[in-house]
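Reader: Hello! Could you take a close look with me at the salt bridges in this model?

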Amino acid sequence: MPVKQPAPVPKTISLAAGAQAVINGALVTALEPCQFEVGSGAYVLTGRALWRSQRDRSSSADALYFAMMEACSAPEAFEPARFRLFAALSEVVAQDRTHDAQKECAACAAALVAGDPEAALASARRLAEANAAKSKRTPSSRGAPAQRRAQIVSTGTV
């Protein structure tokens, strides 16, 4: 008889006034100090993960996701950013050669070609989530445990 898994417990996120977080691709800013619960299936970036500089990011998938969020922030911003987004996507293609990542990169490229910002952002989010999950279980090259990434709450881990 299979063992029943406990239901995931919602994760409580606290934001100070003016603090920002990205929740499933949407940038939110706290107008005043607040707390909220995030359920299973949400992808949340807060604190350091949100503000790391481009050169400090170890992952091209993270860079693509942040660039895609910026480009999707306004309808008029997507079209001029597409060339830059293809360049960022090419970095992901070169860095992650797994079959699943390559399929997702193809889906992201198709969305960029079609001019579909929502599908492109969703694809970039899935690439970043997969990269975050992979980095959580992969030790560093020096044999020490992989460094804890910023607060990322992804499918099934809330």
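Reader: To start, is Lys134 buried, exposed or partly exposed, and what is its relative accessibility?

Author: Happy to help! This is a predicted model, in which local features need pLDDT of at least 70, side-chain atom pairs count only at pLDDT 80 or more, and totals for chains, interfaces and linings use all residues. Residues are numbered from 1 along each chain as its sequence is written, and side-chain values use heavy atoms, with hydrogens and water left out.

Lys134 counts as partly exposed, at 29% relative accessibility (buried means under 20% relative accessible area, exposed over 50%, partly exposed in between, with a 1.4 Å probe and protein chains only). Its salt-bridge partner is Asp96, with the closest N and O atoms 3.2 Å apart (a salt bridge is a side-chain nitrogen of Lys or Arg within 4 Å of a carboxyl oxygen of Asp or Glu). Lys134 sits in helix α5 (residues 117-137) and Asp96 in the loop between α3 (75-95) and α4 (99-114), so this pair ties together parts 38 residues apart in sequence. Helices here are DSSP runs (H or I, at least four residues), numbered from the N terminus. Asp96 is buried, at 15% relative accessible area.

The structure holds four salt bridges, and another one joins Arg126 to Glu104, where the closest N and O atoms are 2.9 Å apart. Arg126 belongs to helix α5 and Glu104 to helix α4, so that pair links parts 22 residues apart in sequence. Arg126 is partly exposed at 36% relative accessibility, while Glu104 is buried at 17%.

Within helix α5, Arg125 and Glu129 are four residues apart, about one helical turn, and their side chains meet in a salt bridge (3.1 Å, N to O). Glu129 is buried, with a relative accessible area of 11%.

Note on methods: Helices (H or I, at least four residues) and strands (E, at least two) are DSSP runs, numbered from the N terminus.
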